Amino acid sequence: MLLFVLNLKVRKSACHSLCTLTIISAEFAGEALNLLMDVLNDDSMFVRLEALETMLHMATYGHLKVQGTHMHMFLGTLLDSNTLIRSATRRILKLVKLPNIELFRLSFDSLIENLEKHPQDEADIFSVLFHTGCNHGKFVVSTINEASEEIDQASEGKLGFDSTRVAALLVLAISAPLSHGEHFCSIPPRIFSYAVTLLGRISRALTDIMDQNALLAYLSQCSISTTFSATELNIRRGEPCLPVANIEIPNDSSNEINGSTRTSLQQEKDGASELQSWTMREPLELAAPLGGSQVEVHDEVMKPINLILAKVKDIWSSIHSGFTNEVLRTLRNFKEELATFTSDSVGTIGAVAFTLQYLQVIKQLAKVWEHFLPAKKLCSSGLGELDLVLGKLDMRLRELRSTFTGLSKEQELQILELVLLTCTLRLCKVEICCHFATLKKLSTTVSRVESILKSATIEPTIFISEVGKLLCLNETSSSEASCNPFMFKELLKHFSLSQFVLCGRLDQIKAELTIPDNDSENPLPFVSRLPVGIPCDITLHNTSNENKLWLKMSMDDESTQFVFLDLNLYGSSDKVRKFTYVVPFYKTPNAISFTLRVCIGVECLFEDVLSVKKYGGPERELTYLCQEKEVHLSMISAH
């Protein structure tokens with residue numbers, strides 16, 4: 001195992017060294033490309049990813065000269081089972097300049113195959129097609145003109161725009177007018193009218209360039225002109241006529257990335273906060289080597305974690321469209337990828353744990369959203385299932401909020417937006433009870449959101465703003481109007497999943513609990529109806545004295561006892577605290593033996609005080625920090 005790890009580091013270091021050399025010398029880059037193609041067959045995902053990052057740097061500096069002998073091996077990574085590998089390959093395709101139309105069409109066919117095999121990648125693939133089309137306008141015009149009959153048949157219902165290939169062709173077609181060059185775009189205007197039928201799907205892929213309204217205006221303008229150029233559309237380098245985000249039209253006549261891109265990359269290295277060239281908005285971010293092995297390992301793991309989180313954002317369109325099974329399968333793949341991150345470096349464990357928990361939230365959200373699709377018809381059991389899944393979603397969000405420290409204001413705001421969404425989903429269904437409690441939680445959460453927005457320079461999303469407006473409206477109206485499900489259902493149209501980005505250090509609050517020398521063969525003695533002491537070895541991680549921790553002991557739902565853990569008695573706020581505590585259990589039954597379930601929970605101080613709580617127990621909901629432990633007890637025999 002040690003030899004494998006050493007070899008892994010050697011292979012990754014080799015790729016990193018090649019990266020530096022290929023930036024310096026274009027001639028060396030050509031020789032290095034043959035070596036990198038061999039590395040793409042490596043068994044290690046990390047090594048393959050490092051090779052792709054090296055190729056990305058080569059493309060950024062205009063040193064990636066792909067040939068036909070390379071393309072089949074390179075494009076094969078689009079079918080890799082690993083999401084990060086497919087994503088990295090697509091980022092390279094956004095930048096690469098293809099020398100001839102044969103390689104262009106080979107890339108197009110490979111992207112379609114990627115889409116057919118992994119439909120959850122649709123938004124990213126559409127984005128790549130659009131950017132690639134901007135880089136290869138002449139190739140796009142030729143391809144679309146040859147395929148125009150196929151697209152026309154789809155418009156007549158013979159194939160349908162749901163056809164993967166036809167949808168991809170439409171995305172490619174609409175990029176042509178934005179291609180920089182003097183040639184005129186001769187794509188038939190009707191093609192742009194067809195693209196309007198895919199407006200929602202395409203706009204989700206082009207959020208880095210234009211919003212949906214701008215896209216609709218652009219398609220409308222293109223659909224009324226027979227021939228036009230980028231100049232006639234008033235789209236110039238850096239000066240788009242539409243509200244486009246820093247779009248820079250690439251030069252189709254050049255096979256190299258222009259000098260401004262290199263300048264932008266240099267600005268990034270010099271500490272500039274934002275790149276100016278649109279071609280560098282999405283590439284894998286390669287951090288320069290930092291001092292200290294732990295910092296390097298942490299950065300090495302955080303990059304793929306943030307790539308996973310970026311892909312989670314991309315699957316929102318699949319959730320919204322009802323592809324629940326595909327979404328759940330993708331999330332399982334992400335979870336498997338996270339399982340490979342075994343580093344024990346500072347902050348990395350917390351980041352991995354947070355991401356796993358975040359994936360659980362998205363999983364429950366996908367299951368809930370399925371119940372709100374137009375074609376979904378719920379039976380009575382289905383309503384019970386919805387209430388159950390909403391409860392799980394609530395629980396996962398509580399865990400995110402209460403068991404991690406180090407979250408920024410922006411990150412907390414993103415979690416709170418998901419809390420607002422959960423409340424909104426509950427209020428959409430008249431069949432679900434507890435509307436008063438949900439409205440109260442909605443109001444409390446909005447108050448916390450407003451507090452964050454005031455203390456930090458953060459713009460609220462449209463969804464957050466609309467929830468705030470509706471809440472204000474409800475506070476001035478009757479109670480009946482405040483529970484109108486239709487009003488809350490309208491809010492769902494404004495929600496879109498934001499990308500979560502982890503930076504800095506995250507620590508997970510957790511506990512370890514053991515009952516020494518106890519199992520079914522070695523039960524603890526007790527006397528019926530008298531208290532019994534339960535010895536607990538407890539280890540707490542990342543807790544502070546402000547946390548309110550409780551030991552919960554239960555035999556069944558009716559026999560539950562809580563014991564408060566006063567952390568002031570167990571040392572200062574160290575990262576790790578270990579102690580033994582003998583917990584008294586007072587409700588011993590009149591039985592020969594019984595089993596007690598014990599666990600440790602932290603009180604969610606952000607929750608409202610419970611309306612009904614058991615005597616001596618917590619005032620608010622608990623989030624549990626460890627798995628339940630079974631304690632076996634046996635009554636002392638009388639002699």
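**Local packing in a predicted model**

Thr424 touches Phe463, Val467, Phe488, Leu491 and Leu492, when residues up to four places away in sequence are not counted. This threonine is found in helix α19, which spans residues 409-428, and in the predicted model considered here Thr424 is buried, with a relative accessible area of 0%. One of the residues that Thr424 touches, Leu491, lies 67 residues away along the chain, and the C-alpha atoms of Thr424 and Leu491 are separated by 7.6 Å. The side chain of Thr424 also reaches the backbone oxygen of Leu420, at 2.8 Å. Thr424 thus combines a polar contact to the backbone oxygen of Leu420 with a relative accessible area of 0%, which places Thr424 under the 20% limit for a buried residue.

The setting of this site is a chain of 639 residues, of which 51% count as buried. The chain contains 23 helices and 11 strands, and residues 24 or more positions apart account for 74% of its contacts with a separation of 6 or more. The exposed area of the chain is about 29,400 Å², and carbon and sulfur atoms supply 53% of that area.

A further buried position is provided by helix α21, residues 462-475, in which Asn474 is found. The relative accessibility of Asn474 is 7%, and this residue therefore counts as buried. Asn474 and Asn484 are 10 residues apart along the chain, with a separation of 9.7 Å between their C-alpha atoms. Helix α21 (residues 462-475) also includes Phe463 and Val467, two of the residues touched by Thr424.

Two helix pairs were examined in terms of their packing, since two packed helices are described by the angle between their axes and the distance between the axes. Helix α5 (residues 83-95) and helix α6 (residues 101-117) pack at an angle of about 150°, and their axes are 12 Å apart. Because angles over 145 degrees count as roughly antiparallel, α5 and α6 are described as roughly antiparallel to each other. The crossing in which α5 passes α6 is left-handed, and in this pair Arg86, Arg90 and Leu93 in α5 meet Ser107, Leu111 and Asn114 in α6.

In the second pair, the axes of helix α7 (residues 122-135) and helix α9 (residues 164-175) come within 7 Å and cross at roughly 40°. That angle makes α7 oblique to α9, and the crossing of the two helices is right-handed. On the α7 side the contact is made by Phe126, Leu129, Phe130, Gly133 and Cys134, while α9 contributes Ala167, Ala168, Val171, Leu172, Ile174 and Ser175.

Towards the end of the chain, attention turns to two residues associated with strand β9. Thr588 is found in the loop between β8 (576-585) and β9 (593-603), and with a relative accessibility of 2% this loop residue counts as buried. When neighbours within four places in sequence are left aside, Thr588 is in contact with Phe526, Val527, Ser528, Arg529, Leu530, Val532 and Phe594. For Arg529 a polar contact is also present, in which the backbone nitrogen of Arg529 lies 2.9 Å from a polar atom of the side chain of Thr588.

Arg597, by comparison, lies in strand β9 itself and has a relative accessibility of 27%, so that it counts as partly exposed. Leaving aside neighbours within four places in sequence, Arg597 is in contact with Lys552, Met553, Ser554, Met555 and Asp556, as well as with Glu628 and Lys629. Within this set, the backbone oxygen of Met555 lies 3.2 Å from a polar atom of the Arg597 side chain. Lys629 is 32 residues from Arg597 in sequence, and the distance in space between these two residues, C-alpha to C-alpha, is 5.6 Å.

Terms used. Residues numbered from 1 in each chain as written. Predicted model: local features only at pLDDT ≥ 70, side-chain atom pairs only at ≥ 80, totals over all residues. Heavy atoms only, no water. Helix = DSSP H or I, 4+ residues; strand = E, 2+ residues; numbered from the N terminus. Buried < 20%, exposed > 50% of the residue type's maximum accessible area, 1.4 Å probe, protein only. Contact = heavy atoms within 4.5 Å. Areas by Shrake-Rupley, 256 points an atom, 1.4 Å probe, with all protein chains shown as cover. Polar contact = N/O pair within 3.5 Å; in protein donor to acceptor, adjacent residues only side chain to side chain. Axes fitted to C-alpha atoms, helices over the stretch in contact; angles between N-to-C directions. Parallel < 35°, antiparallel > 145°, perpendicular 65-115°, else oblique. Left-handed = near helix turned anticlockwise from the far one by under 90°.
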